[in-house]
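Q: Please take a close look at one part of this structure: the central sheet, with the helices and the spaces around it. How is that part put together?

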Amino acid sequence: MGFKTGIVGLPNVGKSTLFNALTKTAAAQAANFPFCTIEPNVGEVAVPDERLDILAQIAGSKQIIPTRMTFVDIAGLVKGASKGEGLGNQFLANIRECDAIAHVVRCFEDGDVTHVDGRVDPVEDAQTIETELMLADMESIEKRLQGLVRKVRGGDKEAVDQERLLKAALTTLESGQPARTVQIDEADAKSWKMLQLLTSKPILYVCNVDEDQAASGNAHSDAVARMATEQGAGAVVISAKIEEEISQLDAEEADMFLDEMGLKEAGLDRVIRAGYTLLDLQTYFTVGPKEARAWTIAAGTLAPQAAGVIHGDFERGFIRAETIAYDDYVAFKGEQGCKDAGKMRVEGKTYVVKDGDVLHFLFNA
């Protein structure tokens, strides 16, 4: 399980440039005019994790397979998108399919790159997009409530629950707040997610700054960070131009380039880490002579469900999980060393998998 993030924002804020850099492809045309992205572009990137390389080296793994993250580059939205302005409606539908939204906001000054509203104000830009998503949600909810009337009158339990959740969302939206601020009981979590409301999705604000401000940010990105904190959202500062340059370099050259720019890591790493935090995700590993592989799960996942990420049969026939903590695997130089030191544990169906666990599942076929 990876996760799917939709890259949104107003035209000319650097979305497609960022997408190109993240996916190391020119599939998304980056051009200085609105709607240069006419079809949603989908790209997958490997999630960098130095722990996987270390585990592979210890185990002598022939192949290293990182977990993957999917980005969807969605065309620039404008005021009125919820009513079909620009290329709005078809792209709002693409956002519904994503787990999270990476909202790119322009935090750079450049007279050669036209802003659709003729000014640089990332907080107002973010509010413009949020308003369009809220309006789209309200319209969608009203239509769905109309469609539920007959089933609700007939006492359909699922329809009654759906109506209750939709009305709670509508009340919140009408008060000017996004659906993600609605307090949902754990029992309703699955049904709530299935509503696929645009403003219920976690948001990560990606502040696109000039190259010389990538390490420290600027007043614009500081304002976005304050807004994100107030909303309980995430925020990262990157330079899409730097990311694009890094994407053309090999690993050694990229490290040298980052060092010259005063950066500790690439923006991709920061975006992924912020996305993991936002979605409450973590990683476990399977390691052997054939391959070392990373797997993404939600925090709190039990061992059988973690096994199911590999294959459904692993979950259905789960017997137990042989478990080694990452630090122990490294300290005792592999599986045999951990066995000898008593650091391999046998865990059952109620075990909550920890980030960095090295797991081997036993199951009935």
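A: What follows goes from the sheet to its helices, then to the cavity and the pocket. The model is predicted.

Start with the sheet. Six strands form an open sheet with mixed pairing. Their order is β2-β4-β1-β5-β6-β7. The edges belong to β2 (41-46) and β7 (234-238). Each of these two has a single partner strand, so one side of each is left without a neighbour in the sheet. Direction ignored, neighbouring strands are turned by 25 degrees against each other on average.

Now the pair β1 and β5. Strand β1 covers residues 4-8 and runs parallel to β5, joined to it by four bridges. One contact to look up is I7, whose bridge partner in β5 is A102.

Next come the helices. Helix α4 (residues 122-153) packs on the sheet, where it touches β5 and β6 (203-208). The direction of α4 makes about 140 degrees with that of β5. Helix α10 also packs on the sheet. Its contacts are β2, β4 (68-73), β5, β6 and β7. Against β7, the direction of α10 makes about 180 degrees.

Then the enclosed space. The count comes to one cavity of 30 Å³ or more. The largest cavity has a volume of about 50 Å³. Its lining consists of F3, T5, M69, A100, A102, L204, V271, G275 and L278. A102 thus appears twice in this account: it is the bridge partner of I7, and it lines the cavity. Both β5 (100-106) and α10 (267-279) supply at least two residues of this lining. Helix α10 gives the most, with three residues. By class, the lining holds seven nonpolar residues, two polar and no charged.

Last, the open space. The largest pocket has a volume of about 830 Å³. It is lined by 25 residues. Closest to its centre are D99, K193, S200, P202 and L279. Helix α10 turns up here too: α10 and α6 (189-194) each supply at least two lining residues. This time α6 gives the most, with three residues. The pocket lining has 13 nonpolar, three polar and nine charged residues. The cavity lining, by contrast, has no charged residues.

Helix α10 links these parts. It packs on the sheet, supplies residues to the lining of the largest cavity and does so for the largest pocket as well.

Methods
Residues are numbered from 1 along each chain as its sequence is written. This is a predicted model: local features need pLDDT of at least 70, side-chain atom pairs count only at pLDDT 80 or more; totals for chains, interfaces and linings use all residues. Side-chain values use heavy atoms; hydrogens and water are left out. On a 1 Å grid over the protein atoms alone, a cavity is a set of points where a 1.4 Å probe fits but cannot get out, and a pocket is an open set with protein on both sides within 12 Å along at least five of seven lines; lining residues have an atom within 4 Å of a point. Grid points are joined across faces, edges and corners, and a volume is the space filled by probe spheres set on the points. Ala, Val, Leu, Ile, Met, Phe, Trp, Tyr, Cys and Pro count as nonpolar, Asp, Glu, Lys and Arg as charged, and the others, Gly among them, as polar. Two strands pair if DSSP finds at least two bridges between them. Axes are lines fitted to C-alpha atoms, for helices over the stretch in contact, and angles run from 0 to 180 degrees between N-to-C directions. Contact means heavy atoms within 4.5 Å.
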